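These are my notebook entries on one protein chain. I looked up one residue, then some strands and helices, then the whole chain.

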Amino acid sequence: MSLEFYPQLRAFFRHADNRRMKRLTVMKAAQTAATTAMMVTLLHRIAENPVAAMWITANAEKAKEYVNRRLFPALMDCAAVNALAPADWTWRLVQFATMDLMIRGAVSKQEMTSDPVGLMICDERREWQIPVELVRQRMKTFGNAQEISIGTAGLVDDSLHADWRSGSQGFIQFTCPKCAHSQPFRFGKKKTALFPEARDIGGVVWPDDERTRNADGSWKLEATVNPDGTRLDDGVRNLAEYQCEKCGDKLPQSARLPLLKTAQDVHRNPKQMEQFPSLHWNFMTMPGAAMDFGAGAVTFLTAMAALKASGNQEPLRYFVTDDCGEPWEMLAAKVEASDIMARMGNYCVGERFPASAGETFTLMTVDRQKGHLVYVIRQWLKGGASRLLEFGKLPDDFEALRKFQTERGIRSVTGDDGGYDEADTGNVFKWRMACVKYNWNSFKGDKAENYAEDKVRTYWRRSPFNTGVGAHVLHNAYLWSKVHYLSKLYNVFLKGEGPTWTIPRDVQAEYLHQLQAYEFRPATQTGDKGEWIKNGADHAASCELMQIVMADSSGIIQSFGAAQ
Ligand SMILES: [Zn+2]
């Protein structure tokens, strides 16, 4: 393949071919030709510089598919390698005349048992289920063993990010045609894990005027198509440009190919470049129109709209990791008092939305404690906005709860399953029977990060419970991902990033205190994901979490989000 417009591959091959290289680490965007680059490197080694090699990807299925669809056809095509190939091979082992190639999925320690190898190609590192250190043990007996590790960016401080950081930290940089300033392709202005300095100008920009806005103020992403099929020169996709971070000059999409032709890798930590080169690249290093400045701007704005409409961070996360090739960082580690003050609305406890706000849904959630129940009543609007109406306590008496519900005219009551007291099954049972009787919902916070069903990832799952008494089945029972919803409450709703979420100006201090009970503790060692830690009573937070789960699972948030 011609490397003319692929600066990242020019850099990759130069470092991969350097015999003094010990480990080449690439943290990059998805679909940016990295697998092709690795395959070319492998063929080159088989023909020119053979050594026992192991190629490891996420799992056996992916390995098989790679071998059958990519590697074998390429072997057959390449005369020099084909001449060295054996008559018989399996997808796990190919014994060339010059060297053995082993192929593995990174799922278990046993899979990695083999003779020592001199070249280890580690693909799709983000998906691995075993630590890379297990694999590195296979290389110890080779004095000049080499590793090529590659992956789409995952989380800040994960093992790929750590390897990349300990390497030379190379970026693909271009030179501004106007002021000659050399700079990496970088999408935004805010500071990120890879770009720790915020900047005032630079990156992908687009006009904000009648050409890029719809009548309702939302972004006009695509060009307007006239009735006769012609297109107007409007919409974000068409009009996005790249702004030089130094002189502010704007480079149109048409200037991108010449930039790619001359772009080069520049390393922050050049001392490591010889032995431990590491490279980063994002979607902007790909020459096709599908990954131009406008395409990136559209993906970004779509992700931000989803965040605003439904509080769903996932599209933004994928933009950061899979398009920008940067590791994802939790938006916030801790809720500050100022965040909570900013959520206070101009209304008092118990004051409902005015009738003009339209249809509302009032949800009551209950955190069950020994001796009493803590509740939150929150009113939700079409569009996903909500306000806290009331926070309080009731005795631990389901008949009293039912009476309270009826008096207030609240349709939906949701409570936790009683997980605070796993040993007291009688307590859980009593609650479930009350749920069957009164059609309440029973929720249980769960350790799962998500529930993948038919490839659609959800964060709650219906989990019907047979009470064992006659035909009493509790259908309104759900599991929900605590990690996901804690992140949604703290990083999206409380930060004002999602739909408007308010609390009354005279809310009780106890509520504020309990709302802040959780704190995210980032990973302290490579490979960890970090965790949410609870400090003190968390009843208000629990109730607010269940509010969001309920609004999500009943479609109150989701259907509004989809409507925009
Ligand atoms: Zn410039």
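**Entry 1: Lys-28.** I began with Lys-28, which is buried because 28 other C-beta atoms lie within 10 Å. The cut-offs I used: a residue is buried with 20 or more other C-beta atoms within 10 Å of its own, exposed with 12 or fewer, and partly exposed in between, the C-beta atoms being placed from the backbone. I note that this is a predicted model, in which local features need pLDDT of at least 70 and side-chain atom pairs count only at pLDDT 80 or more, while totals for chains, interfaces and linings use all residues. Residues are numbered from 1 along each chain as its sequence is written.

Lys-28 belongs to strand β1 (residues 23-28). Helices (H or I, at least four residues) and strands (E, at least two) are DSSP runs, numbered from the N terminus. Which residues does Lys-28 touch, not counting residues up to four places away in sequence? I found Ala-34, Thr-152, His-280, Trp-281 and Gly-325. A contact here requires C-beta atoms, placed from the backbone, within 7 Å. I also checked Asn-346, which is 318 residues from Lys-28 along the chain; their C-alpha atoms are separated by 46 Å.

**Entry 2: helix α10.** Gly-325 came up again, as it follows α10 and has a positive phi, near 65 degrees. Helix α10 covers residues 314-323, and its buried residues are Leu-316, Phe-319, Val-320, Thr-321, Asp-322 and Asp-323. I looked up what they pack against and found β6 (146-152) and α9 (293-310).

**Entry 3: strand β4.** Strand β4 (residues 100-105) has five of its six residues buried, so I wrote it down as mostly covered. I then listed its partners, where two strands pair if DSSP finds at least two bridges between them. With β2 (residues 53-57) the pairing is parallel, over five bridges; Ile-56 has Arg-104 in β4 as its bridge partner. With β3 (residues 93-95) the pairing is antiparallel, over three bridges, and here Leu-93 is matched with Met-102 of β4. Four residues lie between β3 and β4, which form a hairpin. In general, strands of a sheet pair through backbone hydrogen bonds, either parallel or antiparallel.

**Entry 4: strand β24.** Strand β24 (residues 477-481) is also mostly covered, with four of its five residues buried. Strand β18 (residues 441-446) runs parallel to β24, joined by five bridges, and Ser-442 stands opposite Ala-477. Strand β21 (residues 460-462) runs antiparallel to β24, joined by three bridges; one bridge pair is Arg-462 with Tyr-478.

**Entry 5: a three-stranded sheet.** I looked up an open sheet with antiparallel pairing and the order β9-β10-β11. Its edge strands, each pairing on one side only, are β9 (203-205) and β11 (250-251). Strand β10 (residues 241-243) is joined to β11 by two bridges, and Tyr-242 has Leu-251 as its bridge partner in β11.

**Entry 6: the core.** How many residues does the largest nonpolar core have? The count is 128, and Ile-121 and Val-549 have the most contacts inside this core. Helix α16 (residues 539-553) gives the largest share, nine residues. The core also draws at least three residues from each of domain 1 (7-172 + 266-284) and domain 2 (333-553). A nonpolar core is a set of buried Ala, Val, Leu, Ile, Met, Phe, Trp, Tyr and Cys residues joined through C-beta atoms within 7 Å. Leaving out residues up to four places away in sequence, Ile-121 touches Met-38, Leu-42, Ala-53, Trp-55, Ile-56 and Ile-148.

**Entry 7: helix α16.** All 15 of the 15 residues of α16 are buried, so this helix is largely enclosed by the rest of the structure. I checked its length too: at 1.5 Å a residue, the 15 residues should span 21 Å, and the end C-alpha atoms are 21 Å apart, which agrees. The expected span is 1.5 Å times one less than the number of residues. Just after α16, Gly-555 has a positive phi of about 90 degrees.

**Entry 8: the whole chain.** The domain bounds come from an automatic or database domain assignment. The C-alpha centres of domain 1 and domain 2 are 46 Å apart. The protein chain has 17 helices and 27 strands, and 40% of its 564 residues are buried. Its C-alpha atoms fill a box of roughly 85 × 60 × 50 Å along the principal axes.

Notes:
Two residues are in contact if their C-beta atoms, placed from the backbone, lie within 7 Å.
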